[in-house]
Amino acid sequence: MASSVRDVFKYRELLMLLVARDLKVRYKRSSVGMLWTLLNPLLQMIVYTLVFSTIMRIGIEGYPVFLLSGLLPWTLVSVGSVSASMSLLGNQSLIRKVAVPQAVYPLAAVGSKLTDAVLSLPALALLAVALGRPPGVSWLVVPLAFVLAAAFTTGLALLFSSLSVFFRDVRHLIDVLFQIWFYVTPVIYPASFLEGLHPLLRTALALNPASPIVRVFQMSIYEGRIPPASTLGLAVLAAAASLAVGGTFFVRSEHRHIHNF
């Protein structure tokens with residue numbers, strides 16, 4: 001594993017080029033270009049705010065800030081993982097011709113989505129100021145929250161990209177998985193909503209590894225408090241476990257990818 005990390009680090013310039021290529025291709029000929037990185041989460045927020053604040057009357061003060069602080073990490077995790085799942089198959093001609101660590105392709109997909117998420121942060125800060133929740137000391141935790149979310153996503157990206165090479169149906173199953181995962185993760189509703197559930201169901205949902213990742217963002221941005229050590233510890237554990245499982249599977253399978261393209 002350590003040698004694989006060193007190999008990827010040696011090709012860090014290529015990794016940056018792939019991230020830049022993805023961003024350029026995605027916004028090529030778009031009338032507003034990179035502005036879509038800000039518009040996409042804001043449009044999502046408007047839709048969910050209308051549904052849950054106006055129609056369903058969920059009754060959470062400053063709901064747009066709450067919602068966007070949860071959507072920010074969730075979008076990174078879900079979209080980054082789904083995009084990375086096809087990164088090896090999409091670059092198989094390059095992989096056959098150029099001898100570089102294959103991990104740079106899923107990592108580039110994650111890096112592109114991480115760039116989108118970081119660029120969305122100023123819009124979230126402006127929204128927070130407009131709704132009377134200006135950034136405070138707790139926002140100092142946000143960079144750490146991004147590191148944990150990126151590490152968690154990287155583990156999933158490595159795992160799904162490798163699995164997709166061996167099993168083509170994985171790509172479609174991942175879409176369904178993330179739709180279900182979204183609704184059992186406290187993104188559009190507060191974590192306290194889960195307290196009213198049956199103890200067995202509550203315990204099962206408490207094992208959701210995405211929850212502490214999302215909660216670190218919500219606590220530092222929406223609630224204006226530094227997350228307690230227990231929440232940070234669970235988020236670190238989730239990120240480390242994801243990296244360990246995804247990284248180990250990818251390294252052990254990498255030499256067999258080329259025979260299954």
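Here is a chat about the structure above.

Q: Before we dig in, what kind of model is this?
A: This is a predicted model, where local features need pLDDT of at least 70, side-chain atom pairs count only at pLDDT 80 or more, and totals for chains, interfaces and linings use all residues. Residues are numbered from 1 along each chain as its sequence is written, and side-chain values use heavy atoms, with hydrogens and water left out.

Q: Cool. How many helices and strands does the chain have?
A: The chain has 12 helices and zero strands. Both are DSSP runs numbered from the N terminus: helices are H or I with at least four residues, strands are E with at least two. Read from the N terminus on, the elements go α-α-α-α-α-α-α-α-α-α-α-α.

Q: And what radius of gyration does the chain have?
A: The chain has 19 Å, which agrees with the value near 18 Å that a compact globule of 261 residues would have. That radius is taken over C-alpha atoms, and the globule rule is 2.2 Å times the number of residues to the power 0.38. The C-alpha atoms fill a box of roughly 55 × 50 × 35 Å along the principal axes.

Q: What share of the residues is buried?
A: Of the 261 residues, 49% count as buried. Buried means under 20% relative accessible area, exposed means over 50%, and partly exposed is in between (1.4 Å probe, protein chains only).

Q: How about the surface: what area does the chain expose?
A: About 13,300 Å², with carbon and sulfur atoms supplying 69% of it. Those areas come from the Shrake-Rupley method with a 1.4 Å probe, and for residues only the protein chains shown count as cover.

Q: Switching to helix packing. How do H8 and H9 sit against each other?
A: Helix H8 (residues 142–166) and helix H9 (residues 170–183) pack at an angle of about 145 degrees, and their axes are 10 Å apart. The axes are lines fitted to C-alpha atoms, for helices over the stretch in contact, and angles run from 0 to 180 degrees between N-to-C directions.

Q: Which residues meet there?
A: From H8 you get Phe152, Leu156, Phe160, Leu163 and Ser164, and they meet Val170, Arg171, Ile174, Leu177, Phe178 and Trp181 in H9. By class, that contact of H8 with H9 has nine nonpolar, one polar and one charged residues. Here Ala, Val, Leu, Ile, Met, Phe, Trp, Tyr, Cys and Pro count as nonpolar, Asp, Glu, Lys and Arg as charged, and the others, Gly among them, as polar. Contact means heavy atoms within 4.5 Å.

Q: Arg171 is charged, right, so which residue does its side chain meet in a salt bridge?
A: Asp175, at 2.8 Å from N to O. A salt bridge is a side-chain nitrogen of Lys or Arg within 4 Å of a carboxyl oxygen of Asp or Glu. Arg171 and Asp175 are about one helical turn apart, because they are four residues apart in helix H9.

Q: Are those two buried or partly exposed?
A: Arg171 counts as partly exposed at 23% relative accessibility, and Asp175 counts as partly exposed at 29%.

Q: How many salt bridges does the structure hold?
A: Three. Arg215 and Glu223 meet in one at 3.0 Å, N to O. Glu223 also forms one with Arg225, the closest N and O atoms being 2.7 Å apart. Sharing partners this way joins Arg215, Glu223 and Arg225 into one network.

Q: How accessible is each member of that network?
A: Arg215 counts as buried at 14%. Glu223 is partly exposed at 30%, and Arg225 is partly exposed at 37%.

Q: New topic: where does Ser69 lie?
A: In helix H4 (residues 63–85). Ser69 is buried, with a relative accessible area of 0%. Not counting residues up to four places away in sequence, Ser69 touches Leu124, Phe217, Gln218, Ile221 and Tyr222.

Q: And Arg133, where is its place?
A: In the loop between helix H7 (104–130) and H8. Leaving aside neighbours within four places in sequence, Arg133 is in contact with Glu61, Gly62, Val65, Ala128 and Tyr222. Its C-alpha atom is separated by 7.8 Å from that of Gly224, 91 residues apart along the chain.

Q: Last one: is Val142 buried or exposed?
A: Val142 counts as buried, at 2% relative accessibility. Val142 is found in helix H8, and its contacts, leaving aside neighbours within four places in sequence, are Leu121, Ser220 and Ile221.
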